[in-house]
Amino acid sequence: MGDLEIRAAVAEDIPAIVGMLADDPLGAQRESPDDLGPYLTALERLTADPNQRLVVAVREGRVVGTLQLTIIPGLSRRGSTRSVVEGVRVHADERGSGLGTRFIEWAIEESRREHCQLIQLTSDNTRADAHRFYERLGFVASHVGFKLQL
């Protein structure tokens, strides 16, 4: 994988992160790279929350991926802690390089370090390639997800 660093995201990373979020048909409809204000506000909130990890993958000084990991303490499953993976993106020219696998491995390792008993994620129904990717890494499509737009 070469020299790859996974580190906490900082404000200077926001343009690259938003660019990756917007770089697909779904993201193009819901992201606004022209106005970074809301993203910078969100970064402040994430950074202030000890249960949030917004990270970037950096290779040769360039942000090439991003992922958000949320740690959720809970009562169900005998008081288990779980983690949720969100917003996984790999820069277009890095796809197929193994970066996505390394990112998910990092999330699993971090979840274990936080004593999580379960790691979960959602993926849009239209992302068949992503579904195969997660299944290859051992994730099971065990639930049906629901969303309510507010």
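## Burial and the model

A residue is called buried when its relative accessible area is under 20%, exposed when that area is over 50%, and partly exposed in between. The structure described here is a predicted model. Buried residues make up 37% of the chain's 150 residues.

## Overall fold

The chain contains 6 helices and 5 strands. From start to end of the sequence, these elements follow the order β-α-α-α-β-β-α-β-α-β-α.

The C-alpha trace spans about 45 × 35 × 30 Å along its principal axes. A compact globule with 150 residues would have a radius of gyration near 15 Å, and the chain agrees with this at 15 Å. Among contacts with a separation of 6 or more, 60% are between residues 24 or more positions apart. The chain exposes about 9700 Å², and carbon and sulfur atoms supply 52% of that area.

## Annotated domain

An unreviewed UniProt entry places the feature "domain: N-acetyltransferase" at residues 4-150. Within this span, 37% is helix and 27% is strand. The C-alpha atoms at the two ends of the span lie 38 Å apart.

## The Asp13 and Arg7 pair

The count of salt bridges comes to 12. One of them joins Asp13 to Arg7, with the closest N and O atoms 2.7 Å apart.

The partners of this bridge fall into separate burial classes. Asp13 has a relative accessibility of 5%, which is under 20%, so Asp13 counts as buried. Arg7 has 25%, which lies between the two cut-offs, and therefore Arg7 counts as partly exposed.

## A network around Glu110

Glu110 takes part in a salt bridge with Arg53, at 3.0 Å from N to O. This pair links distant parts of the chain: Glu110 belongs to helix α5 (residues 99-113) and Arg53 to strand β2 (residues 52-59), and the two are 57 residues apart. Glu110 is buried because its relative accessible area is 11%. Arg53 is also buried, at 14%.

Glu110 forms a salt bridge with Arg113 as well, and here the closest N and O atoms are 2.8 Å apart. Both residues lie in helix α5, 3 residues apart, which is about one turn of the helix. Arg113 is exposed because its relative accessible area is 51%. Through shared partners, salt bridges join Arg53, Glu110, Arg113 and Glu114 into one network. This network includes the buried Arg53 and the exposed Arg113.

Methods: Residues numbered from 1 in each chain as written. Predicted model: local features only at pLDDT ≥ 70, side-chain atom pairs only at ≥ 80, totals over all residues. Heavy atoms only, no water. UniProt positions renumbered as here; feature names shortened; annotations may be inferred. Helix = DSSP H or I, 4+ residues; strand = E, 2+ residues; numbered from the N terminus. Salt bridge = Lys/Arg side-chain N within 4 Å of Asp/Glu carboxyl O. Buried < 20%, exposed > 50% of the residue type's maximum accessible area, 1.4 Å probe, protein only. Rg over C-alpha atoms; globule rule 2.2 N^0.38 Å. Contact = heavy atoms within 4.5 Å. Areas by Shrake-Rupley, 256 points an atom, 1.4 Å probe, with all protein chains shown as cover.
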